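Here is a short briefing on one protein chain. Keep the sequence and the 3D view open while reading.

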Amino acid sequence: METINGVVDTLYNDKANHNIRTAILTNKTKYQIESEWENKIEMGDSLFKAKGSFLLEMYKRNGQKVILDYKSTIPSQ
């Protein structure tokens, strides 16, 4: 899993890629947002994920820290 570190500068639906909600960070990194998280990530949020981690740390503009777990996006069997 890749490293993510930046502030959300732009949000859009990528029509060329199955309309996946995508964020462009201030460092020009593109981040495809998990469908369950689309309504949680907003412009100005800071995102951080270490390589190999399943946790995405999101820092909201109001100072709130939210941790999103990629394991929660895996369907249970």
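**Salt bridges, sheet and core**

Two salt bridges are present in the structure. The model is a predicted one. Its six strands form an open sheet with antiparallel pairing. The largest nonpolar core has 15 residues.

**Salt-bridge network**

- E42 pairs with K60, and their closest N and O atoms are 3.4 Å apart. This pair connects distant parts of the chain, 18 residues apart. E42 sits in the loop between β3 and β4, and K60 in the loop between β5 and β6.
- K60 also forms a salt bridge with D45, where the closest N and O atoms are 2.8 Å apart. Here the two residues are 15 apart in the chain. D45 lies in the loop between β3 and β4.
- Shared partners join E42, D45 and K60 into one network.
- How buried or exposed are the members of this network? D45 has 1% relative accessibility, so D45 counts as buried. K60 is at 15% and therefore also counts as buried, the cut-off being under 20%. E42, at 40%, counts as partly exposed.

**Sheet layout**

- The strand order is β3-β2-β1-β4-β5-β6.
- Why is one side of β3 and of β6 left without a neighbour in the sheet? β3 (30-32) and β6 (65-69) stand at the edges, and each has a single partner strand, so one side of each stays unpaired.
- From one strand to the next, the twist averages 35°.
- Strands in a sheet pair through backbone hydrogen bonds, in a parallel or an antiparallel way.

**Strand pairs**

- β1 and β2 are antiparallel and pair over six bridges. In this pairing, V8 stands opposite L25 of β2.
- The hairpin of β1 and β2 has five residues between its strands. In that hairpin, H18 takes a positive phi near 60°.
- β1 also pairs with β4 (residues 46-49), antiparallel, through four bridges. V7 has S46 in β4 as its bridge partner.
- β5 (residues 55-59) and β6 run antiparallel and are joined by five bridges. E57 stands opposite I67 in β6.

**Nonpolar core**

- Which residues have the most contacts inside the largest core? They are Y31, I41, L47 and L56.
- β1 (4-14), β2 (20-25), β5 and β6 are the elements that give two or more residues to this core.
- β1 supplies the largest share, three residues.
- I41 touches V8, L11, Y31, I33, L47, L56 and M58, leaving aside residues up to four places away in sequence. Y31, L47 and L56 in that list are also among the residues with the most contacts inside the core.
- In soluble globular proteins, nonpolar side chains tend to be buried together.

**Points to check in the 3D view**

- Start at K60, which has salt bridges to E42 and to D45.
- Then find I41 and its contacts, including V8 and M58.
- Finish on β1, which pairs with β2 and with β4 and gives three residues to the core.

Notes: Residues are numbered from 1 along each chain as its sequence is written. This is a predicted model: local features need pLDDT of at least 70, side-chain atom pairs count only at pLDDT 80 or more; totals for chains, interfaces and linings use all residues. Side-chain values use heavy atoms; hydrogens and water are left out. Two strands pair if DSSP finds at least two bridges between them. Axes are lines fitted to C-alpha atoms, for helices over the stretch in contact, and angles run from 0 to 180 degrees between N-to-C directions. A nonpolar core is a set of buried Ala, Val, Leu, Ile, Met, Phe, Trp, Tyr and Cys residues joined through side-chain atoms within 4.5 Å. Buried means under 20% relative accessible area, exposed over 50%, partly exposed in between (1.4 Å probe, protein chains only). Contact means heavy atoms within 4.5 Å. A salt bridge is a side-chain nitrogen of Lys or Arg within 4 Å of a carboxyl oxygen of Asp or Glu.
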